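Grab a pencil and work through the exercises below with the structure open beside you. Try each task yourself before you read its solution.

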Amino acid sequence: MNETLHTKTLDEDLSALLSLGLQLSDVERLWRQNKEIDMVDVYAAGTRLLGQPGQPVKRQVSVGLEIASSAPSRADVLPGLAELLRNELEDPPEHFRDPVMLHLMADPVVLSSGHVLDCSTVYDGTVFRFQCCPMSREPIEQRAFPLVFLKSQIVTFKLRRLDGILACVKANLPAPADETAHSALLSLLDLASELLKSLGPSVSTAFCTYAARAVAFYECHRQLTPPSLWPPLLSDLAAAAAAGGAAPA
C-alpha cells in the first residue's frame, strides 16, 4: 500500500472509530498488538482530524486534549486547542443549552409547559420573569422545578473538560520556551478558571467543593507565571489547599 493510500485509510478508519465514541487511548488499546501500526502515525491522523471541516466540535476537543496530553508532537496542537474549547463552551450540546439565551446551562429547571431553561433565565433574583412560556407562549405556573439529573450531567461535562485541560497543561510543563505554546497554555488555564468558577454558586464554594482541582489549577498557573505574580496565586493556592486539606507544593 502506497503512503498516500495508507494515510487516507488510517484517517478514515480512525474517524470511524472516534465517531463511535471511542477515545484515542481506546484506539491505541485496539491496535497495540498490530506491529504494522505506529501510534505516532495514529496521533498524526488525529491531528489532521482537528483541521477537517464538518467534524463535530465535541470530537475535535476530545481528540485535541488527548493529543496535547500524550502525543509526541503534542505542542503542535496547543495554539488551536483553546479556541476549540471556547467554541464548544459557547455552542454546547443542544440538551445542555438554554434555548432562550443559547448558553451552557448551570442550573436547569423545567417550566409547567415542559420546556427546560436555565434558572438564571427564568428568575430575576427571586422574581419569576414570565407570565407565559417564552417558547410556546402558553400560560404557566409562576415557579419552575429543578432538574437534578440534567444538572448532574452538565457538571460531569464541565468536570471532564476541566480535567482534560489540567492534564494537558501538566503534560506540557515545565513552561515551554516557545512563546506561542506558553501563551496557549495560559489561554487553556483561563478556560479552566471559568469552568472551575462555574461549578458553584460562588467562587469560594466551587473551590471548596472541587479543592483538589483548584490546587492543581493554581500549581499549573504558578509554573507558567513569573515570580512577581506569585503572591496572589500563592494566597489563592493556600486557600484552595486548606479547603481540600492539602498542602501547597
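## Exercise 1: A salt bridge with a loop residue

Asp107 has a relative accessible area of 29%, so it counts as partly exposed. Keep in mind that this is a predicted model.

**Task.** Find out which residue Lys151 forms a salt bridge with, and how far apart the closest N and O atoms are.

**Solution.**
- Step 1: Start at Lys151, which is partly exposed with a relative accessible area of 35%.
- Step 2: Lys151 forms a salt bridge with Asp107, and the closest N and O atoms are 3.8 Å apart. That fits the cut-off, since a salt bridge needs a side-chain nitrogen of Lys or Arg within 4 Å of a carboxyl oxygen of Asp or Glu.
- Step 3: Now place the two partners. Lys151 is in helix α7 while Asp107 is in the loop between α5 and β1, so the pair ties together parts that are 44 residues apart in sequence.

Here's the general idea: side chains of opposite charge can pair when their charged atoms come close.

## Exercise 2: Two more pairs

**Task.** Work out how many salt bridges a search of the whole structure finds, and which helices hold Glu194 and Arg86.

**Solution.**
- Step 1: The search turns up eight salt bridges.
- Step 2: In one of them, Glu194 pairs with Arg86, with the closest N and O atoms 2.8 Å apart. Glu194 sits in helix α8 (residues 179–197) and Arg86 in helix α5, so this pair ties together parts that are 108 residues apart in sequence.
- Step 3: Check how covered they are. Glu194 is partly exposed at 38% relative accessibility, and Arg86 is partly exposed too, at 28%.
- Step 4: Look at another pair, Asp91 and Arg97, whose side chains meet in a salt bridge (3.0 Å, N to O). Arg97 is partly exposed, with a relative accessible area of 23%.

## Exercise 3: Buried or exposed?

**Task.** Decide whether Leu14 and Leu150 are buried or exposed.

**Solution.**
- Step 1: Recall the cut-off: buried means under 20% relative accessible area.
- Step 2: Leu14, in helix α1, has a relative accessible area of 1%, so Leu14 is buried.
- Step 3: Leu150, in helix α7, comes in at 13%, so Leu150 counts as buried.
- Step 4: For contrast, try Val100, in the loop between α5 (78–90) and β1 (108–110). Its value is 34%, so Val100 is partly exposed. Val100, Met101 and Met135 form a nonpolar patch on the surface, with about 260 Å² of accessible area together.

## Exercise 4: Two pockets

**Task.** Say which element gives the most to the lining of the largest pocket, and which gives the largest share to the second largest pocket.

**Solution.**
- Step 1: The largest pocket has a volume of about 390 Å³. It is lined by 19 residues, and the closest to its centre are Gln23, Lys58, Ser62, Val63 and Arg161.
- Step 2: α1 (3–19), α4 (57–70) and α7 (148–171) are the elements that give two or more residues to this lining. The top contributor is α4, with seven residues.
- Step 3: Sort the lining of the largest pocket by class and you get eight nonpolar, six polar and five charged residues.
- Step 4: The second largest pocket has a volume of about 200 Å³. Of its 13 lining residues, the closest to the centre are Ala106, Asp107, Lys151, Ser198 and Gly200.
- Step 5: In the second largest pocket, α7 supplies the largest share of the lining, four residues.

Key
Residues are numbered from 1 along each chain as its sequence is written. This is a predicted model: local features need pLDDT of at least 70, side-chain atom pairs count only at pLDDT 80 or more; totals for chains, interfaces and linings use all residues. Side-chain values use heavy atoms; hydrogens and water are left out. Patches are made of residues with over 30% relative accessible area and no salt bridge: like charges are joined within 9 Å, nonpolar side chains (Val, Leu, Ile, Met, Phe, Trp, Tyr) within 5 Å. Accessible areas come from the Shrake-Rupley method with a 1.4 Å probe; for residues, only the protein chains shown count as cover. Buried means under 20% relative accessible area, exposed over 50%, partly exposed in between (1.4 Å probe, protein chains only). On a 1 Å grid over the protein atoms alone, a cavity is a set of points where a 1.4 Å probe fits but cannot get out, and a pocket is an open set with protein on both sides within 12 Å along at least five of seven lines; lining residues have an atom within 4 Å of a point. Grid points are joined across faces, edges and corners, and a volume is the space filled by probe spheres set on the points. Ala, Val, Leu, Ile, Met, Phe, Trp, Tyr, Cys and Pro count as nonpolar, Asp, Glu, Lys and Arg as charged, and the others, Gly among them, as polar.
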